[in-house]
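Me: I have a model open and want the reasoning behind its labels. Take me through them one at a time.

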Amino acid sequence: MDYNYEQTSEVEALDSIYYGDMQILQTEPMHKFSIPIKSEEYDDGEGLACQLVFTYTLKYPEDLPLVEIITDEIFDEIVDKTELYNHLMEQAQENLGMVMVFTLVSAGQEWLNVKWDSIKKEREEEVLAKKKADEEAELKRFEGTRVTVESFLAWRKQFEIDMGIPAKREKEGKDKNKLTGKELFLRDTTLNESDLKFLDDGDAVKVDESLFQDLDDLEISEEDDEDDEDYVPGQSSDSD
């Protein structure tokens, strides 16, 4: 295989494909050049980008080319470039014996797109998770502590103690033990017997019958009859 021919032909083809982006860094003793790659949204202000630097070896393409990845601080904060390098080396091994730079550049480009999509998804999930956590925290502010039967009974017991309710109940219980006059009467039969004994005692109450002997001598005038609601003029009261 004419290694120099294969290498020169590939460099010319790559320069046509990536015209304006590809930079020839050296031609002797071996070709060295760089090609930028970037994710699809990079030009819109977000995404990933880096430079792939290739250096041919003496027997390239039967030997692997040297590959470097030039990144900036932003890239390194987001992505471990070793992952990209290992991915490119896997592709290089699969294409060993053939010119492969275009294949490697395309594989690197695709890897950045997939990686960036994964990063965006993770960020979106983090935003949603934070939003959900904030909403749950806000709801808890209004919900308070969830009440169970056990927690309610414990709270009520402490509340009643603080309000002195057990003492009040004890006092009310004692007051209820005090019987009313009726309850005493119904419960103690001796009280009933004492009343009957009072009634049977003939000397207990004396009536002066002389007070009622002169009732026939009382004169009841007609005016008194008129005051009676049942009085009818001309009708003798004796008719009754």
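Me: Why is Lys115 called partly exposed?
Reply: This is a predicted model, and the value is computed from it. Lys115 has a relative accessible area of 24%. Buried means under 20% and exposed means over 50%. The value falls in between, so Lys115 counts as partly exposed.

Me: What makes Lys115 and Glu83 a salt bridge?
Reply: Their closest N and O atoms are 3.3 Å apart. The cut-off is within 4 Å, between a Lys or Arg side-chain nitrogen and an Asp or Glu carboxyl oxygen. The pair therefore qualifies. Lys115 sits in helix H4 and Glu83 in helix H3, 32 residues apart, so this bridge links distant parts of the chain.

Me: Is Glu83 buried, exposed or partly exposed?
Reply: Partly exposed, because its relative accessibility is 37%. That lies between the 20% and 50% limits.

Me: How many salt bridges does the structure hold?
Reply: Three. One of them joins Asp117 to Lys120, with the closest N and O atoms 4.0 Å apart. Another joins Asp134 to Lys130, at 3.1 Å.

Me: How do you know that Asp134 and Lys130 are separated by about one helical turn?
Reply: They are four residues apart in helix H4, which means about one turn between them. Asp117 and Lys120 also lie in helix H4, three residues apart, again about one turn of the helix.

Me: What labels do the residues of these two pairs get, buried, exposed or partly exposed?
Reply: Asp117 is partly exposed at 45%. Lys120 is partly exposed at 22%. Asp134 is partly exposed at 41%. Lys130 has 54%, over the 50% limit, so Lys130 is exposed.

Me: Why is Phe33 called buried?
Reply: Its relative accessible area is 0%. Buried means under 20%, so the label follows.

Me: Which residues is Phe33 in contact with?
Reply: Phe33 lies in strand E2. Leaving aside neighbours within four places in sequence, its contacts include Val11, Leu14, Met22, Leu52, Phe54, Tyr56 and Val101. Val11 is 22 residues away along the chain, yet the two C-alpha atoms are separated by 8.6 Å. Contact is judged on heavy atoms within 4.5 Å, so the C-alpha separation does not decide it.

Me: What makes E1 and E2 paired strands?
Reply: Strand E1 (residues 23–26) and strand E2 (residues 32–38) share three bridges, in the antiparallel sense. At least two bridges are needed, so they pair. One bridge sets Ile24 against Phe33 in E2. The two strands form a hairpin, with five residues between them.

Me: How do you know that E3 and E4 pair?
Reply: Strand E3 (residues 49–55) and E4 have five antiparallel bridges. The requirement is at least two, so they pair as well. Thr55 stands opposite Leu66 in E4. Helix H3 (residues 81–94) packs on the sheet and touches E3 and E4, its direction making about 155° with that of E4.

Me: What is the order of the strands, and why are E1 and E4 called edges?
Reply: The order is E1-E2-E3-E4, in an open sheet with antiparallel pairing. E1 and strand E4 (66–70) each have a single partner strand, so one side of each is left without a neighbour in the sheet. Neighbouring strands of this sheet are turned by 25° against each other on average, direction ignored.

Me: Why does Val147 count as exposed?
Reply: Its relative accessibility is 64%, and exposed means over 50%, so the label holds. Val147 is found in the loop between helix H4 (101–143) and helix H5 (149–163).

Me: Which residues make the nonpolar surface patch with Val147?
Reply: Val149, Phe152, Leu153, Trp155, Phe159 and Met163. With Val147, they make a patch of about 720 Å². Patch residues need over 30% relative accessible area, and Val147 at 64% therefore passes that test.

Me: What are the totals for the protein?
Reply: There are nine helices and four strands. Of its 240 residues, 20% count as buried. The protein exposes about 19,000 Å², and carbon and sulfur atoms supply 51% of that area.

Key: Residues are numbered from 1 along each chain as its sequence is written. This is a predicted model: local features need pLDDT of at least 70, side-chain atom pairs count only at pLDDT 80 or more; totals for chains, interfaces and linings use all residues. Side-chain values use heavy atoms; hydrogens and water are left out. Patches are made of residues with over 30% relative accessible area and no salt bridge: like charges are joined within 9 Å, nonpolar side chains (Val, Leu, Ile, Met, Phe, Trp, Tyr) within 5 Å. Accessible areas come from the Shrake-Rupley method with a 1.4 Å probe; for residues, only the protein chains shown count as cover. Buried means under 20% relative accessible area, exposed over 50%, partly exposed in between (1.4 Å probe, protein chains only). Axes are lines fitted to C-alpha atoms, for helices over the stretch in contact, and angles run from 0 to 180 degrees between N-to-C directions.
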